Amino acid sequence: MEKIVVSGGRPLSGSVKISGSKNASLPLMAASILSDAPLVLHNVPKLSDITLMAELLTHHGVQVSYDPATQVCALKANSITNITAQYDIVSKMRASIVVLGPLLARCGKATVSLPGGCAIGTRPVNMHIDGLRALGADVFIENGYIHAKAPKGGLVGTTIVLPFATVTGTENILMAAVLARGQTTIKNAAKEPEVCDLAACLVKMGAQIDGIGTDTLVISGCTRLAGASHSVIPDRIEAATYAVAGAITHGDITLKNVIFDDLLAFWDSLTRTGVVVEKTHTRSDSVVDVRVHVPGDIKGVDIMTEPYPGFPTDAQAQFMALMTICDDAAMITETVFENRFMHVSELCRMCANITVHKASALVRGVGQLVGATVMATDLRASVSLVLAGLAAKGDTTIQRVYHIDRGYERIEQKLQECGALIEREK
Ligand code: EPU
């Protein structure tokens with residue numbers, strides 16, 4: 001199994017080009033099921049999750065081609081030949097659940113394995129199921145699979161109030177509703193930029209969606225969607241991760257291709273630690289380059305994760321890594337997932353001082369982290385250990401690198417280009 005070895009203690013300097021968003025790309029790829037016309041996605045990152053989604057869609061009969069050099073993913077679903085998403089793929093990648101809504105809308109039925117729990121929580125999909133039931137589908141669970149069947153004549157629009165602004169739940173219901181009869185209103189919809197990117201692409205395909213970017217989506221269903229060409233938004237969590245890499249090493253890093261406004265709560269917290277965050281170059285209306293540098297000590301800042309536009313749960317582990325070396329203390333509260341502190345015990349093996357009580361972790365800053373062999377159980381936890389390793393004295397070996405490869409494209413190269421001593425070993 002591969003591992004990453006980081007020799008810490010070097011301030012990073014240079015620039016990092018931020019890749020396309022993983023969590024936007026996955027539902028966008030699934031949206032190809034909704035139409036028999038080609039969907040061409042640009043800026044799709046080369047990640048193992050993208051390969052898995054391509055494999056899953058191929059099983060359903062979608063023709064998928066991906067060119068890592070151009071990062072173009074072309075998808076065409078002439079006909080859907082298989083409506084079952086098997087356990088062996090869904091269990092490897094929970095995001096596979098986003099084929100449920102499109103398969104049901106296009107084929108009138110779908111069978112998708114229940115993803116099960118994962119390292120960050122039980123992660124049920126009850127809200128996805130309830131939303132599809134509200135659209136008239138008959139949904140039952142048998143042998144670990146969700147079986148969904150649309151009523152005769154297809155799904156029917158309605159008003160759905162989500163108990164929590166679930167991201168993939170909103171995406172699933174949205175993709176089902178675009179081909180439903182009549183109007184669907186999703187209240188308390190997730191407003192994450194990845195949801196908005198999906199909605200924007202669906203609009204290019206001919207869907208009628210009002211309220212994009214708000215918590216109320218109003219969808220007027222149509223009978224057929226066309227093809228489209230769409231460029232995936234930059235990955236805001238990758239940007240946040242490299243911003244912490246610059247900060248934790250007291251370095252000076254420029255992040256290229258960032259939608260600054262997608263990370264406002266994160267920038268605010270980072271700035272309050274004493275890190276300087278400044279826009280240096282405007283690439284388009286929304287895309288900028290951001291310079292992150294550190295004039296003095298890192299101060300402790302409390303954060304609480306929340307749905308967008310709050311502090312993203314996907315950047316919590318990275319921010320915690322930064323707080324381990326702050327000059328006082330910080331309280332980090334996780335409200336989105338019930339079990340997203342798996343990195344704490346590994347950070348403590350690197351001499352961090354962290355106490356967890358229920359949903360909060362009290363991080364007392366230590367002068368210096370010390371390298372160790374560590375192991376992580378999910379994507380963001382793993383990357384937080386890489387970040388800690390960059391700041392630690394000596395070598396840090398991170399095992400189970402496959403977690404990182406799910407969501408970080410060429411991480412060693414990107415960090416090496418900024419002066420990090422980081423290698424992958426077999
Ligand atoms: N929830 C339910 N029932 C549901 C759906 C969600 O109880 O039917 C709960 C979850 O258990 C969780 C909370 O609601 O406690 C929020 O979950 P959400 O559904 O919003 O998460 P998700 O859609 O499964 C996406 C991202 C995650 C990210 C979360 C929150 C994708 C593919 N995944 O997951 O990304 O953490 O939203 O922003 O978009 C990651 O990239 O590392 C990652 C985990």
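1. A good place to start is the end of helix α9: the helix is followed by G274, whose phi is positive, near 105°. Please keep in mind that this is a predicted model, so the points below describe a prediction.

2. Staying with α9, which spans residues 264-272, the buried residues are F266, W267, S269 and L270. Viewed down the helix axis, these buried residues fall within an arc of 165°, so they line one face of α9. The general geometry is worth recalling here: an α-helix has 3.6 residues a turn, so residues three or four places apart point the same way.

3. What covers that buried face? The elements over the buried residues of α9 include two helices, α8 (236-248) and α10 (316-323). Strands contribute as well, among them β15 (252-259), β16 (276-282), β17 (287-293) and β18 (303-304).

4. Helix α10, one of those covering elements, is itself mostly covered, with eight of its eight residues buried. You can check them one by one: Q316, A317, Q318, F319, M320, A321, L322 and M323 are buried.

5. Helix α8, another of the elements that cover α9, also packs against helix α12 (residues 379-391), and the two axes come within 9 Å and cross at roughly 20°. Angles under 35 degrees count as roughly parallel, and α8 and α12 are therefore roughly parallel to each other. The crossing of α8 past α12 is right-handed. On the α8 side the contact involves I237, T241, V244, A245 and I248, which meet R380, V383, L387, A388, L390 and A391 of α12. Sorted by class, this contact has nine nonpolar, one polar and one charged residues.

6. Helix α12 has a further partner in helix α11 (residues 342-349), and these two pack at an angle of about 20° with their axes 9 Å apart. α11 and α12 are therefore roughly parallel to each other, and α11 passes α12 in a right-handed crossing. The contact is made by H343, E346 and L347 from α11, together with A381, S384, L385 and A388 from α12. By class, there are four nonpolar, two polar and one charged residues in the contact of α11 with α12. Do look at A388 in the viewer: this α12 residue takes part in the contact with α8 and also in the contact with α11.

7. T396 belongs to strand β23 (residues 395-399). Is T396 buried or exposed? At 0% relative accessibility, T396 counts as buried. Setting aside residues up to four places away in sequence, T396 touches I4, V5, V6, M350, G371, A372, V374, L385 and G389. L385 in that set is also one of the α12 residues in the contact with α11.

8. A228 sits in strand β14 (residues 228-231), and a relative accessible area of 12% makes A228 buried. Apart from neighbours within four places in sequence, A228 is in contact with P38, L39, V40, K204 and M205. How far apart are A228 and Q318 in space? C-alpha to C-alpha they are 35 Å apart, with their positions 90 residues apart in sequence.

9. Lastly, a loop residue: S79 lies between β5 (72-76) and β6 (84-85). With a relative accessible area of 40%, S79 is partly exposed. S79 touches H60, G61 and R106, not counting residues up to four places away in sequence. S79 and G144 are 65 residues apart in sequence and 26 Å apart in space, taken C-alpha to C-alpha.

Definitions and conventions. Residues are numbered from 1 along each chain as its sequence is written. This is a predicted model: local features need pLDDT of at least 70, side-chain atom pairs count only at pLDDT 80 or more; totals for chains, interfaces and linings use all residues. Side-chain values use heavy atoms; hydrogens and water are left out. Buried means under 20% relative accessible area, exposed over 50%, partly exposed in between (1.4 Å probe, protein chains only). Helices (H or I, at least four residues) and strands (E, at least two) are DSSP runs, numbered from the N terminus. The arc is that of the directions from the helix axis to the C-beta atoms. Contact means heavy atoms within 4.5 Å. Axes are lines fitted to C-alpha atoms, for helices over the stretch in contact, and angles run from 0 to 180 degrees between N-to-C directions. Angles under 35 degrees count as roughly parallel, over 145 as roughly antiparallel, 65 to 115 as roughly perpendicular and the rest as oblique. A crossing is left-handed if the near helix is turned anticlockwise from the far one by less than a right angle, and right-handed if clockwise. Ala, Val, Leu, Ile, Met, Phe, Trp, Tyr, Cys and Pro count as nonpolar, Asp, Glu, Lys and Arg as charged, and the others, Gly among them, as polar.
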